[in-house]
Amino acid sequence: MRMAQAVRAPDTNSAAGEPAAAARPPAIEVLGAEKIFSNGVRALAPIDLTVNQGEFVTLLGPSGCGKSTLLKMVANLIEPTSGGLMWWGRDYGHVGEDGKKLVFVFQDPTLMPWARVRGNVRLPLDLAGVPKSEGDARVDKALATVGLEKFDASYPRQLSGGMQMRASIARALVTEPNLLLMDEPFGALDEITRNKLDQDLLDLWFEKTLTVVFVTHSIYESVFLSTRVVVMAARPGRVLREVVIDEPYPRDDAFRVSQKFAAYARDLQVLLAEASVSGAAHD
Ligand SMILES: Nc1ncnc2c1ncn2[C@@H]1O[C@H](COP(=O)(O)OP(=O)(O)OP(=O)(O)O)[C@@H](O)[C@H]1O
Ligand SMILES: [Mg+2]
């Protein structure tokens, strides 16, 4: 992926003259959405959360606090038991009408082992009936964006874990989404590879003014990536606190080793400890 060169204003990914992310219209509104599964598990207490267009919001919290459940509700893969959600100010039935699209990236690359990288990345376009010539150009562009242009004829088993994840991200980008939903996409990778992919993802977000909702267990990943970290607590899953990461983009390794980074990480550590204790108190 290409490095972004421009410098954005602090606390937003907007270019000069554009409104800050907090002032932009919402991409997603979670409006008192609650989830009780059919086995009686109350995965989410009523949640209120707004993600504005152009934000990079991370959901951080202990295992079982409902991060995946919330993200799947945002993807409309799970329906809330009560309350509701809005996508770009309207209900889900309108998604796609004015070019607004969302895509979900799972933790596992979920590539088809029998198909080459190109075929895997093409899949959403084939399913949507996009003509071959237009599809080819879009696949080339998506592969170049994730730095896999030379591996289009490889099979998934010939790629490293990090490269498989890149292919999975290319398959998401080929649909040209406005909203990227990622559930611990780099959780299974070693730290060096994860840091590299975090950097590349951030550069991509920065260039395209995508909106991202990202789930992670990692405090460091959440501080590095996010405009805002939403700390969740368990039993039932709820939002404990929201922390704005007030640091300009592009961010690089200098931020990772800065005192400011360490201070954010410490604050989030304390909040996560609180989230775990308050969850246990409901057992
Ligand atoms: N389909 C389901 N049916 C019943 N209970 C479920 C279902 N999916 C999740 N749960 C329960 O809901 C709660 C929240 O689960 P969820 O997977 O959203 O948590 P999470 O924060 O993503 O956890 P992790 O960090 O381990 O991925 C858990 O108690 C889980 O066991
Ligand atoms: Mg999960």
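**Figure 1. Helix 4 and helix 5 pass one another in a right-handed crossing.** In this predicted model, helix 4 covers residues 161–173 and helix 5 covers residues 191–208. The axes of helix 4 and helix 5 come within 11 Å and cross at roughly 20 degrees. Because this angle falls under 35 degrees, helix 4 and helix 5 are described as roughly parallel to each other.

**Figure 2. Helix 2 crosses helix 3, and the crossing is right-handed.** The view is centred on helix 2, which runs over residues 117–127, and on helix 3, whose axis comes within 10 Å of the axis of helix 2. The two axes cross at roughly 120 degrees, which makes helix 2 oblique to helix 3. Helix 3, made up of residues 132–145, appears again in the next view, since 4 residues of the lining of the largest pocket come from this helix.

**Figure 3. The largest pocket has a volume of about 330 Å³.** Its lining consists of 21 residues, and those that lie nearest the centre of the pocket are Pro177, Asn178, Lys208, Thr209 and Leu210. Helix 3 supplies the largest share of this lining, with 4 residues. When the lining of the largest pocket is divided by class, 8 residues are nonpolar, 6 are polar and 7 are charged. Both domain 1 (25–101 + 178–281) and domain 2 (112–176) take part in the lining of the largest pocket, each with at least three residues.

**Figure 4. The second largest pocket holds about 150 Å³ of space.** The residues that line this pocket are Ala75, Asn76, Leu77, Tyr92, Leu102, Val103, Phe104 and Phe106. By class, the lining of the second largest pocket comprises 7 nonpolar residues and 1 polar residue, with no charged residue among them.

**Figure 5. The structure contains 1 cavity of 30 Å³ or more.** Rolling a probe the size of a water molecule over the atoms shows where empty space is left. The volume of the largest cavity is about 50 Å³, and its lining is formed by Trp87, Trp88, Arg90, His94, Val95, Gly96, Asp98 and Lys100. Of the residues in the lining of this largest cavity, 3 are nonpolar, 2 are polar and 3 are charged.

**Figure 6. Cis peptide bonds precede Pro236 and Pro250.** Most residues other than glycine have a negative phi, and most peptide bonds are trans. The bond from Arg235 to Pro236 is cis, with an omega near -10 degrees, and Pro236 is placed in the loop between strand 8 (228–233) and strand 9 (238–244). Tyr249 and Pro250 are likewise joined by a cis peptide bond, for which omega is about 0 degrees. Pro250 belongs to the loop between strand 9 and helix 7 (253–256).

**Figure 7. Thr110 has a positive phi although it is not a glycine.** The phi angle of Thr110 is about 45 degrees. This residue is found in the loop between strand 5 (102–105) and helix 2, and helix 2 is also the helix that is oblique to helix 3 in the second view.

Note on methods
Residues numbered from 1 in each chain as written. Chains lettered and ligands numbered in written order. Predicted model: local features only at pLDDT ≥ 70, side-chain atom pairs only at ≥ 80, totals over all residues. Heavy atoms only, no water. 1 Å grid on protein atoms, 1.4 Å probe; cavity = no way out; pocket = protein on both sides within 12 Å on 5 of 7 lines; lining within 4 Å. Points joined across faces, edges and corners; volume = space filled by probe spheres on them. Helix = DSSP H or I, 4+ residues; strand = E, 2+ residues; numbered from the N terminus. Nonpolar A, V, L, I, M, F, W, Y, C, P; charged D, E, K, R; others polar. Domains from an automatic or database assignment. Axes fitted to C-alpha atoms, helices over the stretch in contact; angles between N-to-C directions. Parallel < 35°, antiparallel > 145°, perpendicular 65-115°, else oblique. Left-handed = near helix turned anticlockwise from the far one by under 90°.
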